[in-house]
Amino acid sequence: MGALDIETLVPAIVAADFKTLEPHLLTLEKHLTLRTYIAGYDLSDADKKVWSALRNNKVAIGLIRKGQFASVTRWFNHIEQAHPEVKEEAVPKPNKNKGGANYNIPLPNAENGVVTRFPPEPSGYMHIGHTKAALLNDYFANEAFDGKMILRFDDTNPSKEKQEYQDSIVEDTKNLGVKIDRITHTSDYFKEIYEHAEKLIKSGNAYADDTEPEIQKEDRMNRRASKCRDRPAEESLAMLEEMKNGTDLGRKHCIRARIQFDSSNGAMRDPIIYRFPNWADKEPAPHHRTGWEWNIYPTYDFACPIVDSLEGVTHALRTTEYADRNEQYHWFLNALDIRRVNLWEFSRINFIRTFLSKRKLSKVVDSGKVSGWDDPRMPTVRGILRRGLTTAALREFMVKQGPSRNIVNMDWHALWAINKRILDPVVPRFTAIEKQDAILATLTGGPEAPYYEDRPRHQKNPDVGTKPVRFSSKVWLEQVDVLTLAPEEEFTLMQWGNAIVKGLDKASAPIKELQLQLHLEGDFKKTEKKITWLSENPDLLEVELWDFDYLITKDSLDPEDNLDDFLNPKTESMSLALCDPTVKELKAGEFLQLERKGYFRVDKAAGEGPEGRAVLFKVPAGGK
């Protein structure tokens with residue numbers, strides 16, 4: 001076997017996913033069967049490049065560690081052991097701009113600068129499906145490269161758009177930590193887009209069509225030319241003017257690009273580029289920015305490449321759903337002879353037991369199934385952040401998904417696991433005791449008078465600070481813990497010491513009394529049960545602990561499914577608890593861990609919730 005094409009192989013490995021990686025590993029496997037190094041008899045640049053590419057591809061490293069490609073595994077391990085400097089060089093270096101991670105996602109033709117754009121339609125609240133586009137655009141513009149990112153509102157459909165939605169998208173995008181260099185609107189360019197439509201007509205590349213919509217649809221489906229396709233440019237220009245003026249004659253028309261009516265690609269079969277809004281059952285309404293200035297509006301597919309070119313966008317990131325329309329995108333740029341733009345595709349992302357349809361999301365809001373668009377059960381940006389997802393976790397998750405071209409239903413557990421990894425080293429620890437049927441146990445051998453000791457808020461991170469812990473002869477325990485105890489059993493009171501059960505009557509339900517003997521000489525390593533507790537204290541803080549479940553019971557709704565048939569009947573639960581008094585110092589939006597209960601986000605600080613209680617939302621931990 002001859003030399004490997006390293007310049008082709010390395011980028012291919014970097015961008016490969018599970019399905020596309022195997023052929024490259026097979027090529028490498030054959031090449032390395034009788035070789036110690038890729039080229040020659042010592043470490044070469046080719047070895048370094050390929051080793052680094054494999055090392056930074058999670059799928060590849062998994063297959064190598066499992067030994068599925070024996071020669072590749074042998075070579076990989078040899079390089080790692082014999083040349084440790086390669087491992088150091090392979091670790092991605094932080095970017096100088098944000099100090100963020102470098103995920104080695106290739107972006108072609110970036111040597112002359114990068115300008116990206118995030119183009120949402122202001123017709124609803126931003127949800128988790130939109131975050132991948134926002135964060136990838138931000139990553140390429142502001143982390144991988146020293147570029148710029150434009151937030152552009154695609155406001156070409158006035159019947160669905162509201163200023164409320166636009167304002168919320170700006171706020172949510174900023175809350176995600178995205179750096180916005182400019183906020184623009186497609187409506188800023190309505191005049192220029194209209195002039196480009198005129199240009200297409202004059203050059204013979206567009207025409208006015210008054211074919212009935214159903215017939216037009218059938219013609220496109222059956223690859224038949226429209227009866228208006230050969231209409232003279234002068235007539236089509238006159239009809240465009242009638243459309244612009246909103247006349248009865250104009251309202252019978254649309255403007256179509258003359259591309260290829262019989263193309264195998266449906267997107268190239270003379271698509272509509274200008275039309276009247278489809279008001280359906282709604283009354284006509286003014287555009288939320290331009291008012292009644294325009295009667296007709298460009299389609300997204302026509303406006304997008306024009307505005308991309310006008311605004312200096314170098315790389316337009318699009319989901320793979322637009323793959324068939326990429327040819328059309330480039331056709332418009334070429335036909336209009338305007339600055340070209342690179343397209344970069346990524347897959348749309350879905351999550352199990354989650355629906356992202358604006359119609360369905362509006363239904364659960366309007367019906368009162370949830371409290372609003374920021375309800376922690378909602379997949380909106382404000383909903384998931386309120387639930388306790390950090391922007392750092394969301395960014396890491398989405399950017400790592402970036403190169404994937406496969407549309408899959410992701411499990412939320414993977415995202416929440418990243419979130420837990422980010423929270424764990426820095427979140428302060430506190431104790432909470434469920435208030436219902438809590439037992440005030442008496443400790444023999446305990447302190448004669450209450451006293452306080454400063455204890456770390458985080459056992460492994462002194463920077464988190466300390467908290468005063470109260471010790472006394474009476475301690476609150478949870479009913480569920482006491483039910484597991486037996487007479488004379490020794491157990492551990494966490495962060496204090498051992499105690500022995502001396503008086504326990506399980507005949508009554510719930511248990512109301514418990515006598516304990518403090519045994520600080522006992523070995524906590526030998527006890528089976530480690531139990532949380534709080535000293536009797538008039539300053540204990542009462543809090544609400546909330547937990548939430550999925551809104552639907554099915555992993556993925558099919559198009560024919562009725563949402564009501566799959567709505568989860570119980571999606572929230574709340575319990576009252578007593579907490580460390582110092583929890584009252586936490587502000588809304590801050591995080592804490594309650595020992596043996598998990599991570600929580602402060603939704604309402606002490607004094608702000610019902611009857612002055614703090615309101616804490618449980619943060620899913622991830623994992624199965």
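## Pairing of β2 and β3

In this predicted model, strand β2 (residues 148–153) pairs with strand β3 (residues 182–185) in the parallel sense, over four bridges. The chain passes from β2 to β3 through helix α8 (residues 163–175), and this β-α-β crossover is right-handed. Individual positions illustrate the register: I150 stands opposite R182 in β3, and F153 has H185 of β3 as its bridge partner.

## The sheet and its helices

The sheet is open and has three strands in the order β1-β2-β3, with parallel pairing. Its edge strands are β1 (115–118) and β3, each of which pairs on one side only. Direction ignored, neighbouring strands of this sheet are turned by 30° against each other on average.

Helix α7 (residues 128–144) packs on the sheet and touches β1 and β2. The direction of α7 makes about 165° with that of β1. Helix α8 lies across β1, β2 and β3, and runs at about 160° to β2.

## Packing of α9 against α12

Helix α9 (residues 190–202) and helix α12 (residues 300–310) have axes that come within 10 Å and cross at roughly 115°. Angles of 65 to 115 degrees count as roughly perpendicular, and α9 is therefore roughly perpendicular to α12. The crossing of the two helices is right-handed.

On the α9 side, the contact is made by E192, I193, H196, A197 and L200; α12 contributes F302, A303, I306, V307 and L310. By class, the contact of α9 with α12 has eight nonpolar residues, one polar residue and one charged residue.

Notes
Residues numbered from 1 in each chain as written. Predicted model: local features only at pLDDT ≥ 70, side-chain atom pairs only at ≥ 80, totals over all residues. Heavy atoms only, no water. Pairing = 2+ DSSP bridges. Right-handed = clockwise from strand over helix to strand, strands pointing away. Axes fitted to C-alpha atoms, helices over the stretch in contact; angles between N-to-C directions. Parallel < 35°, antiparallel > 145°, perpendicular 65-115°, else oblique. Left-handed = near helix turned anticlockwise from the far one by under 90°. Contact = heavy atoms within 4.5 Å. Nonpolar A, V, L, I, M, F, W, Y, C, P; charged D, E, K, R; others polar.
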